[in-house]
Amino acid sequence: MEAALKVLNELEREGVVERYAIGGGVATLFYTEPIFTEDLDIFVILPADTGQLVSLTPLYEALNQKGYRPQKEFVVIAGEYVQFLPAYSDLVVDAVKDAKEVRYQDTLTRVVSVEHLIAIALETGRPKDNVRIAYLLEEAEVNRPFLLFILGRYGLRDKWEKFLYRYEQ
Amino acid sequence: MKLDSKRERRRKLAALPFHRKFEILRKLRKRASGYKRKAR
């Protein structure tokens, strides 16, 4: 894992990605007890994200030069199945920009805040995302006012009310 | 195990450093791959 994070930091230093942050299951386990997840989801803001079409090609080419090749939707880096997800909405861009810096042994990395993680799961809305939200609400320390602020900013308040109605049943 | 002690155990696990949690995840993955092999 640490070796994979070092590669991510390298990509950022080289300007291949503007900024990255860990999301998904690995971000969830950062805030809770360890849970099972197969891959490492990485949200990336790409340098071309200013109005042009988003392309992962330069990122995949840079990884290829380092000897890491794609396998289906993943790139295997030092044994980790890494999935790169370009920041696909304003919420995810905000999550990456606001991600907190954390240490993994000797390596600095970034993890999306738990409040953003919940908002992204709500926006995505698959059954497994709803399970994740319920789990995070029970297990993690969530700053509710900040969560409500994010939900309001990205038009997710109605969805949140519906989720809470179902969750509290 | 009583509910309180389960909760306490979860709280302790949640407080582990990131890399320690990842070591546990690695064990979970190893176990899951064993189940997959058995299932085949």
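Q: Why is B:Arg20 called partly exposed?
A: B:Arg20 has a relative accessible area of 33%. Buried means under 20%, exposed over 50%, and partly exposed in between (1.4 Å probe, protein chains only). The value for B:Arg20 falls in between, so the label is partly exposed. This is a predicted model: local features need pLDDT of at least 70, side-chain atom pairs count only at pLDDT 80 or more, and totals for chains, interfaces and linings use all residues. Residues are numbered from 1 along each chain as its sequence is written, chains are lettered from A and ligands numbered from 1 in the order in which they are written, and side-chain values use heavy atoms, leaving out hydrogens and water.

Q: What makes B:Glu23 and B:Arg20 a salt bridge?
A: Their closest N and O atoms are 2.8 Å apart. The rule asks for a side-chain nitrogen of Lys or Arg within 4 Å of a carboxyl oxygen of Asp or Glu. The pair meets it, so it counts. Both residues lie in helix α2 of chain B, three residues apart, about one turn of the helix. Helices (H or I, at least four residues) and strands (E, at least two) are DSSP runs, numbered from the N terminus. B:Glu23, at 30% relative accessibility, is partly exposed.

Q: How do you know that A:Lys66 and A:Glu10 form a salt bridge?
A: The closest N and O atoms are 2.8 Å apart, which the 4 Å limit admits. This pair links distant parts of the chain. A:Lys66 sits in the loop between α3 (57-65) and β3 of chain A, and A:Glu10 in helix α1 (residues 2-13), 56 residues apart. A:Lys66 is partly exposed at 27%. A:Glu10 is partly exposed at 28%.

Q: Which chains does the pair of B:Arg29 and A:Glu80 cross between?
A: The pair runs from helix α2 of chain B to strand β5 of chain A. The two side chains meet in a salt bridge at 3.1 Å, N to O. B:Arg29 is buried at 17%. A:Glu80 is buried at 4%. Both values are under 20%, so both residues earn the label.

Q: Why is the pair of A:Phe30 and B:Phe18 called aromatic, and how many such pairs are there over all chains?
A: The count is nine over all chains. For A:Phe30 and B:Phe18, the centres are 5.0 Å apart and the planes 80° apart, which is edge-to-face. Rings of Phe, Tyr and Trp (its six-membered ring) pair if their centres lie within 6.5 Å; planes under 30 degrees apart are stacked, over 60 edge-to-face, and the rest tilted. A:Phe30 is in helix α2 (residues 24-31) of chain A and B:Phe18 in helix α2 (residues 18-39) of chain B, so the pair joins two chains. A:Phe30 is buried at 19%. B:Phe18 is buried at 4%.

Q: What makes A:Trp160 and A:Phe163 stacked?
A: Their planes are 20° apart and their centres 5.6 Å apart. Under 30 degrees counts as stacked, so the label follows. Both lie in helix α8 (residues 157-167) of chain A. A:Trp160 is buried at 3%, and A:Phe163 at 5%.

Q: How do you know that the charged end of A:Arg110 sits over the ring of A:Tyr20?
A: The charged end is 5.6 Å from the ring centre. The rule wants NZ of Lys or CZ of Arg within 6 Å of the centre and within 35 degrees of the ring normal.

Q: What area do chain A and chain B bury between them?
A: About 1600 Å², 64% of it on carbon and sulfur atoms. A:Glu33, A:Pro34 and A:Tyr104 supply 32% of the area that chain A buries against chain B, more than any other three residues. Buried area is the accessible area (1.4 Å probe) that two parts lose on being put together, summed over both.

Q: Why is A:Glu33 called buried, and which residues does it touch?
A: A:Glu33 has a relative accessible area of 15%, under the 20% limit, so it is buried. A:Glu33 touches A:Tyr135, B:Arg10, B:Leu13 and B:Ala14, not counting residues up to four places away in sequence. Contact means heavy atoms within 4.5 Å.
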